[in-house]
Amino acid sequence: MAGLQKNVYPLYDELKELRGLNGVKDHLSYVSSKQEAYSKRNVAKYLKKAIEQYIYQRLKKYRRSKFEI
């Protein structure tokens with residue numbers, strides 16, 4: 001639980017600022033449906049990796065659209 005609080009919750013707070021509470025709910029629903037059995041032993045690590053990749057992809061998409069002419 002300490003891993004979630006320290007490493008994962010701040011990233012989901014960032015997602016909440018970017019996409020709102022429904023964005024967080026949608027992301028959690030998506031990653032839980034894609035989670036493999038082997039990753040269920042370390043949920044904090046799995047969620048951290050998933051949210052980091054998601055935020056990175058959203059920022060990359062935002063930057064690309066911002067600078068298109």
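Accessible areas were computed by the Shrake-Rupley method with a 1.4 Å probe. On this basis the protein, a predicted model, exposes about 5800 Å². Carbon and sulfur atoms supply 52% of that area.

The fold holds two helices and zero strands. Helix α1 spans residues 2-34, and helix α2 spans residues 43-66. Along the principal axes, the C-alpha atoms fill a box of roughly 45 × 20 × 20 Å. The chain has 69 residues, of which 23% count as buried. Contacts between residues at least 6 apart in sequence were also examined. Of these, 55% join residues at least 24 apart.

The largest nonpolar core has twelve residues. Its members are Leu4, Val8, Leu11, Tyr12, Leu15, Val24, Val31, Tyr46, Leu47, Ala50, Ile51 and Ile55. Both α1 and α2 supply at least two residues of this core. The largest share, seven residues, comes from α1. In soluble globular proteins, nonpolar side chains tend to be buried together.

Leu4 is one of the core residues. Neighbours within four places in sequence set aside, Leu4 is in contact with Tyr9, Ala44 and Leu47. Of these partners, Leu47 is listed in the core, and both Ala44 and Leu47 fall within the span of α2, 43-66.

Histidine 27 lies in helix α1. Its relative accessible area is 5%. Buried means under 20%, so His27 counts as buried. With neighbours within four places in sequence again left aside, His27 is in contact with Tyr12, Leu15, Ala50, Ile51 and Tyr54. Tyr12, Leu15, Ala50 and Ile51 also appear in the largest nonpolar core. Histidine 27 thus has contacts with residues of that core, because heavy atoms within 4.5 Å define a contact, and Tyr12, Leu15, Ala50 and Ile51 are among its partners.

The largest pocket encloses about 190 Å³ of space. Lys34, Glu36, Tyr38, Ser39, Asn42, Lys45, Tyr46 and Lys49 form its lining. Helix α2 gives the most to this lining, with three residues. By class, the lining residues divide into four charged, two polar and two nonpolar. Tyr46 takes part in both settings: this residue belongs to the largest nonpolar core and also lines the largest pocket.

Technical notes. Residues are numbered from 1 along each chain as its sequence is written. This is a predicted model: local features need pLDDT of at least 70, side-chain atom pairs count only at pLDDT 80 or more; totals for chains, interfaces and linings use all residues. Side-chain values use heavy atoms; hydrogens and water are left out. A nonpolar core is a set of buried Ala, Val, Leu, Ile, Met, Phe, Trp, Tyr and Cys residues joined through side-chain atoms within 4.5 Å. Buried means under 20% relative accessible area, exposed over 50%, partly exposed in between (1.4 Å probe, protein chains only). Helices (H or I, at least four residues) and strands (E, at least two) are DSSP runs, numbered from the N terminus. On a 1 Å grid over the protein atoms alone, a cavity is a set of points where a 1.4 Å probe fits but cannot get out, and a pocket is an open set with protein on both sides within 12 Å along at least five of seven lines; lining residues have an atom within 4 Å of a point. Grid points are joined across faces, edges and corners, and a volume is the space filled by probe spheres set on the points. Ala, Val, Leu, Ile, Met, Phe, Trp, Tyr, Cys and Pro count as nonpolar, Asp, Glu, Lys and Arg as charged, and the others, Gly among them, as polar.
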